[in-house]
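User: Please take a close look at one helix packing contact in this model. Work outwards from there to whatever the surroundings show.

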Amino acid sequence: RNIPRAIAISIPLVTFVYVFSNVAYVTAMSPQELLDSGAVAVTFGEKVLGAVPWIMPLSVVLSTFGGINGYLFTSSRLCYAGARGGHLPRLLAMIHMKRCTPIPALLCSCVTSLLMLIIADIYTLINYVVFINYLCYGVTVFALIALRWTQPCIHRPIKVNLLFPVAYLVFWAFLLLFSFYTEPLVCGTALVIILAGVPVYLLGIHWDHKPGCFHAAIESATVIGQKLCFVLYPQEEIPEQNGRPPTPSQS
């Protein structure tokens, strides 16, 4: 009940704020001022707010902080859920013994974020991240439609009309093709980054007959991570491997 209510409230509210913010920019600033401004919101504040133009940068900082705070929760949850499904190392499926925080998953997100800083140009990094996220969103929505077709009888706590995901995919495909047309190098590089995970999946997940030294190394790393982070499986559960229950040797 809470998720549909949150969606029904947040999406119209955010849409309203974004649309009328742009209406305010266009109303108060000329087209040339919009083109010349490096930060439209700051320029708008300097022109309209008079003695308190600092409100706009402060609002941007608070909005950024809130967005990053939400991203920390969601990104670590993705790693945690992936590990519980057997698609990531088992250590990432563990939580702190007292605080129930997925510390290994949070550290994984932190290390990934630091690796992204290798790219010196922030605008190139933003383009990579936006394209990869947008591509993953479309694939996720397509998977929703595929599961609705292939597994129509499974339990769904939230079930929406297929018109919404289909309409989303239409706009998604148009914007994706437009992105490839306007920024082929950036989109191609981002696509290569995504495809680089395929060999890792084939070797780490799909390959069932791994050598004993591989399992020993993973087990040693898992034990060390547990000792450093004080983490364990929730209710002593071990995540499934490749969609199958764990074998006695893995337990």
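Analyst: Start with helix 6 (residues 122-150) and helix 8 (residues 184-195): their axes come within 9 Å and cross at roughly 60°. An axis here is a line fitted to C-alpha atoms, for helices over the stretch in contact, and angles run from 0 to 180 degrees between N-to-C directions. That crossing makes helix 6 oblique to helix 8 (under 35 degrees counts as roughly parallel, over 145 as roughly antiparallel, 65 to 115 as roughly perpendicular, the rest as oblique). The model is predicted: local features need pLDDT of at least 70, side-chain atom pairs count only at pLDDT 80 or more, and totals for chains, interfaces and linings use all residues. Residues are numbered from 1 along each chain as its sequence is written, and side-chain values use heavy atoms, with hydrogens and water left out. Helices (H or I, at least four residues) and strands (E, at least two) are DSSP runs, numbered from the N terminus.

Now the handedness. Helix 6 passes helix 8 in a right-handed crossing (the near helix is turned clockwise from the far one by less than a right angle; anticlockwise would be left-handed).

Next, the residues. On the helix 6 side, N127, Y128, F131, I132 and L135 take part. They meet V186, C187, T189, A190, L191, I193 and I194 of helix 8. Contact means heavy atoms within 4.5 Å. The residues of this contact divide into 10 nonpolar, 2 polar and no charged. In that count, Ala, Val, Leu, Ile, Met, Phe, Trp, Tyr, Cys and Pro are nonpolar, Asp, Glu, Lys and Arg are charged, and the others, Gly among them, are polar.

F131, L135 and A190 from this contact reappear in the largest nonpolar core. That core has 13 residues, and those with the most contacts inside it are F131, L135, L169, W172, L176 and A190. A nonpolar core is a set of buried Ala, Val, Leu, Ile, Met, Phe, Trp, Tyr and Cys residues joined through side-chain atoms within 4.5 Å. Buried means under 20% relative accessible area, exposed over 50%, and partly exposed in between (1.4 Å probe, protein chains only). Helix 6, helix 7 (163-182) and helix 8 each supply at least two residues of the core. Helix 6 gives the most, with 7 residues. L135 touches W172, L176, L191 and I194, leaving aside residues up to four places away in sequence. Apart from this core lies another, of 12 residues, among them Y80, L91, L92 and M94.

Stay with helix 6 a moment longer. R148 is also found there. At 15% relative accessibility, R148 counts as buried. With residues up to four places away in sequence left out, R148 touches R156, K159, V160 and L162.

Helix 7 holds V166. V166 is partly exposed, with a relative accessible area of 40%. The C-alpha atoms of V166 and T124 are separated by 30 Å, with the two positions 42 residues apart along the chain.

Two other helix pairs are worth setting alongside. Helix 4 (residues 55-84) and helix 5 (residues 103-116) pack at an angle of about 110°, with their axes 8 Å apart. They are therefore roughly perpendicular to each other. Helix 4 passes helix 5 in a right-handed crossing. L72, S75, S76, C79 and Y80 of helix 4 make the contact with A105, L106, C108 and S109 of helix 5. The split there is 6 nonpolar, 3 polar and no charged.

The axes of helix 1 (residues 2-28) and helix 3 (residues 40-48) come within 10 Å and cross at roughly 55°. That makes helix 1 oblique to helix 3. The crossing is left-handed. A24, Y25 and A28 in helix 1 meet V40, A41, F44, K47 and V48 in helix 3. These residues divide into 7 nonpolar, no polar and 1 charged.

Finally, backbone torsions. Most residues other than glycine have a negative phi. Phi of C100 is near 60°, a positive value. C100 sits in the loop between strand 1 (95-96) and helix 5. C100 is exposed, with a relative accessible area of 52%. Phi of F230 is also positive, near 55°. F230 is placed in the loop between helix 10 (212-229) and strand 2 (231-232). F230 is partly exposed, at a relative accessible area of 48%.
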